[in-house]
Structure formats: structure tokens, C-alpha cells
Amino acid sequence: MDVGVPEAARVMGVSVARVRRLAAEGRLRARLVGGRWLVDAASLPSAPRRSRPMSPRIAWALVVLSDGGKPGWVEPQEAYRLRRALDRLAADDEPELLLRSWLASRGDRRRLSAPDARALRSDPRLVLSGLSDDRAGLSAAGDVEGYVLADDAEALARDHLLIDAAASADVVLHVSPMLSEVPVPLLLVAADLADHDGPRELARARDLIAEWSAGRRSERA
């Protein structure tokens, strides 16, 4: 079933203009009929965004703080608010959906295909996360997920002959303004899994957030 751009924007929690742009760039399953974009409803998230996305700067600060780091690019008052946000996340009934909403702008998520996934996985420009992180427990042979700096994305795609894909994608590439330390924070893995929007991935994302929350309580005890 197809839906119009306004409905797709509501479900995705983004602007109408962004939906049109994603459709025009081929990054959203959609077709142009009579000058109007119609979006494949099956390709949309199963639930609307729980909250407005944080800016990339704040989203990455939340990720760093969640792992005990000190993001030097935020003010003390911003860091305080982010710690309160982490408290809210730990107490939420559907934390995977809230986290997915908050971190939606952390990078540009691209679904691609690679002729040699093993070579891509070992490229030092790629920081593995999501399905490719052992803590996810959902790794599929041949699938690769990770982060690359925006400045390196084109070269990485060229060197590994990456092409845009949809149902046949075996690579999820997050093109980001910054990279995490290795291993990446647990909440980043959880956010990546939640973005897949499948029941197994969402359930595992919730488990990882619960694991993170338990560790956080132990550190505070």
C-alpha cells in the first residue's frame, strides 16, 4: 500500500520536504505518479517518532555521555540536561523507540550492497556497530553495519564498489560527522538496531538499553 508524503512524514517524524528529498534521491521506496510522490507504506517505521530528533552535535554528546565520556563540545548546562535525558531513557517503557527518535540525526543512514563484505568490514575507515557488533547477537554472515566519517564516505564507497540497494542491501552505512571509540557505546548499538525496525531488532535494542541501565545503576551505587 502507498501513502502520501504528509502521512509518510508524520510516521517518520520528519518534515514533508525531507520525505520528498529522500524519495527524489532514491533513499526511500517511493514512486512519482502524476507529479506526486507515493511512498511504500511497508518501508516506513512501524511506529512514529517518540520525540523530535536531537541535533547531530547533541545526539553525539548523548552517546559519549552514556558511555562515561566527556564531550568537550557541549556546555555544562547542556551536559546536565543530557544526563537527565539518560535518566528518562532508563525509566521509559519503550526506550528503544525514544532512543531511535533522539538519535535520528546522528548520521545519514544508507542501505548499500558490496561485492566483498569481508574487505569492507576490515577497512580502518569503518567503525563497526549495529548488526556487526558482537553485543547485538544478531550478526548475519555477509552483512556489514558501521560508521564512516562524512569526509571519507565517497572514497570508501568507491574503493569497495558500494552501490545503492533496497531489499538486496547487505551494508548499512552511517555517514556521520564524527566517529566513536571502539567498541562503540552500547546505546549506539541499540539505536542502530532500533533503526532496522524489525521485531527481533527492536527487542534486542530494548535488552541492550536495559543492560546499559543496569550497569549505570551499579556505577552509581
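Which residues in α8 are buried? Keep that in mind as we walk through this predicted model; we will come back to it.

**Stop 1: the sheet**

Start by selecting β1 (2–4) and β2 (30–33), the edge strands, each of which pairs on one side only. Now add β3, residues 36–40. Together the three strands form an open sheet in the order β1-β3-β2, with antiparallel pairing. Turn the view and follow the twist, which averages 35 degrees from one strand to the next. As a reminder, strands of a sheet pair through backbone hydrogen bonds, either parallel or antiparallel.

**Stop 2: the partners**

Zoom in on β1 and β3, which are joined by three bridges. Click on Val3 and look across to Val39, its bridge partner in β3. Then move to the other side of β3, where four bridges link it to β2. Here Arg31 has Leu38 as its bridge partner, and Leu32 has Trp37.

What lies between β2 and β3? These strands form a hairpin with two residues between them. Select Gly34 in the turn: its phi is positive, about 60 degrees.

**Stop 3: the helix across the strands**

Next, show residues 5–12, which make up helix α1. This helix lies across β1 and β3, and runs at about 95 degrees to β1.

**Stop 4: the largest core**

Time to go inside. In soluble globular proteins, nonpolar side chains tend to be buried together. The largest nonpolar core in this model has 38 residues, and Met54, Leu62, Leu89, Leu99 and Leu193 touch the most other members. To see where core residues come from, colour α3 (56–66), α4 (76–91), α5 (95–102), α8 (186–196) and α9 (199–220), each of which supplies at least two. The most come from α8, which gives eight residues.

Now centre on Leu62. Which residues does Leu62 contact, leaving aside its neighbours within four places in sequence? They are Met54, Leu82, Ala85, Leu86, Trp102 and Leu103.

Apart from the largest core lies another one, of 13 residues; select Leu112, Ala117, Leu120 and Leu156, which are among them.

**Stop 5: back to α8**

Finally, return to the opening puzzle. Helix α8 is mostly covered, with 10 of its 11 residues buried. The buried ones are Leu186, Leu187, Leu188, Val189, Ala190, Ala191, Asp192, Leu193, Ala194 and Asp195. Spot the two Asp residues in that list, Asp192 and Asp195. Then step just past the end of α8 to Asp197, which takes a positive phi of about 70 degrees.

Key:
Residues are numbered from 1 along each chain as its sequence is written. This is a predicted model: local features need pLDDT of at least 70, side-chain atom pairs count only at pLDDT 80 or more; totals for chains, interfaces and linings use all residues. Side-chain values use heavy atoms; hydrogens and water are left out. Two strands pair if DSSP finds at least two bridges between them. Axes are lines fitted to C-alpha atoms, for helices over the stretch in contact, and angles run from 0 to 180 degrees between N-to-C directions. Contact means heavy atoms within 4.5 Å. A nonpolar core is a set of buried Ala, Val, Leu, Ile, Met, Phe, Trp, Tyr and Cys residues joined through side-chain atoms within 4.5 Å. Buried means under 20% relative accessible area, exposed over 50%, partly exposed in between (1.4 Å probe, protein chains only).
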